[in-house]
Amino acid sequence: MVAEGRAAGAGTGDEFDVAVVGGGLVGVATAWGLAREGCRVVVLDEGDRAVRASRGNFALVWVQSKGLGLAPYAGWTIRSSNAWQGFSDLLKQETGLDVSFQRPGGFHLCLSEKELEARATVLKRLHNQPGIVDYKTEILTHDQVKAMLPDIGPEVVGGSFCPLDGHVNSLRLFRTLHTALNARGVTYLPSHRVDNITKDGGEFRLTTPHGEIRAAKVALAAGNANMRLAPMVGLEAPMRPERGQIVVTERLRPFLNHPVVTLRQTDEGTVMIGDSKEESVDPSGLTIGVSATEAERAVRQFPLLANVNVVRTWSAIRVMTQDGFPIYDESKTHPGAFTVCCHSGVTLAANHALTIAPMIARGALDASLVAPFSARRFHVQAAG
Amino acid sequence: MFKRLAESSPAVGIIVDGKPVSARTGDTVAAALLAAGIGHCRTTPVTGAPRAPFCLMGVCFDCLVTIDGVGSRQGCLIPVREGMKVETQLGRREAGR
């Protein structure tokens, strides 16, 4: 494990090409990509008590539903979904660790005709947007779902299926990326919460409780904390965090070959049940009613779960931008400063490592790919 | 390995992996298995290592067995009943059992 405090070799005389602020999944995926480009990288992270979505997420690599309201987000998500196998192969080559990425296609299950109708309407609206990439999501009847998920209950009236949906062992992904960073000589500094950022004489100075870190560029990948950090470098990241809860069962023999948006069986056999949303941003404690509702719906979807033992529940704070779509920006007033900010840090990890990081290494975002994700969109909405 | 201090309470017949085993009223399933000299009651989900009842007070979950068709029951918390069917649980539990 990495020692707390200052890592060896990070004396004040050291300089870095890029300081990545945030050591969660978005930060470490970006940092790894930067290291692959030959950059000298430092990752400035909070400590073990950081509110960290990377340890509480649901681990889907998910496509269906993405992009309603911002069509390019669908294409961006598919790009990452398509890059994910290669990304996981690269990580395995470097670390020997298998993050268990699978893309068998995933379901959204509906427990009433009304839910199924609402689902079909969402998909229709999504697909009717100009410039949308068709990602082949189909509405299926009960019988069609049952042919692929034999254990569904009679209350499942149908659902939607997208062949591009998948999942991964996200805790192992987090560990694997840290292992890969370490192997590539990236400096990882925990307990280095960034208090202030200034630009002086062509370099950024980042103030932390353990001294100042200097770097030619800065990538802000601090999740919801980007809201606080972005204005320091002439950027903005309007966020609205929300809380989700997850219920985890004991390990079971494999029965579920496809992830469902609210329920999946991990490679290790546990079943994760989740997808609740609460406005609360208190990361400690659980709303029991929310867990109970999640469990009740899970049993209606898969009745064989009725007697299964629950071994863990937790709540975690989602990183969420104000409109739910990613924010990638480069600063006009502080050239060399970038924001990398999104909700889906697992799904988009391949993009962050293999597409965003090379752009940051070159010093400019590729507008043809990421212009729609600038935070400038929030001003357009305000003006409208 | 284990010896009963007294054989006073009435006998209860249970079935363990299809074979009759004699227990005593008031025994938990775990106690009955240990008294019958059964070496392990489950194997672990990941490595398949054998496990036997350990803490006997509901904490360690090493005594998980399938009882009357329901998997992952804590043998140390469930008293034996005449005709009860106990099965060794091999690896991960099967959902629905």
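Let us begin where two helices of chain A meet: in this predicted model, Leu91, Glu94 and Thr95 of chain A, in helix α2(A), are in contact with A:Thr176, A:Thr179, A:Ala180 and A:Ala183 of helix α5(A). Sorted by class, this contact has 3 nonpolar, 3 polar and 1 charged residues.

How are such pairs described in general? Two packed helices are characterised by the angle between their axes and by the distance between those axes. Here, helix α2 of chain A spans residues 71-95 and helix α5 of chain A spans residues 170-183; their axes lie 10 Å apart, at an angle of about 55°. Because of that angle, α2(A) is oblique to α5(A). The crossing of α2(A) and α5(A) is left-handed.

A word on confidence in chain A. Its mean pLDDT is 92, and 95% of the residues of chain A reach 70 or more. Over residues 1-13 of chain A, however, pLDDT stays under 50, and for this stretch the model has 19 contacts beyond four places in sequence.

I turn now to chain B. In general, the strands of a sheet pair through backbone hydrogen bonds, in either a parallel or an antiparallel way. In chain B, 5 strands make up an open sheet with mixed pairing, and their order is β2-β1-β7-β5-β6. At the edges are β2 (19-24) and β6 (70-74) of chain B, each of which pairs on one side only. On average, neighbouring strands in this sheet are turned by 40° against each other, direction ignored.

One pair may serve as an example. Strand β5 (residues 64-67) and strand β7 (residues 85-87), both of chain B, pair in the antiparallel sense over 2 bridges. Which residue of β7(B) is the bridge partner of B:Ile67? The partner is B:Val86.

Terms used. Residues numbered from 1 in each chain as written. Chains lettered and ligands numbered in written order. Predicted model: local features only at pLDDT ≥ 70, side-chain atom pairs only at ≥ 80, totals over all residues. Pairing = 2+ DSSP bridges. Helix = DSSP H or I, 4+ residues; strand = E, 2+ residues; numbered from the N terminus. Axes fitted to C-alpha atoms, helices over the stretch in contact; angles between N-to-C directions. pLDDT = per-residue confidence, 0-100. Contact = placed C-beta atoms within 7 Å. Parallel < 35°, antiparallel > 145°, perpendicular 65-115°, else oblique. Left-handed = near helix turned anticlockwise from the far one by under 90°. Nonpolar A, V, L, I, M, F, W, Y, C, P; charged D, E, K, R; others polar.
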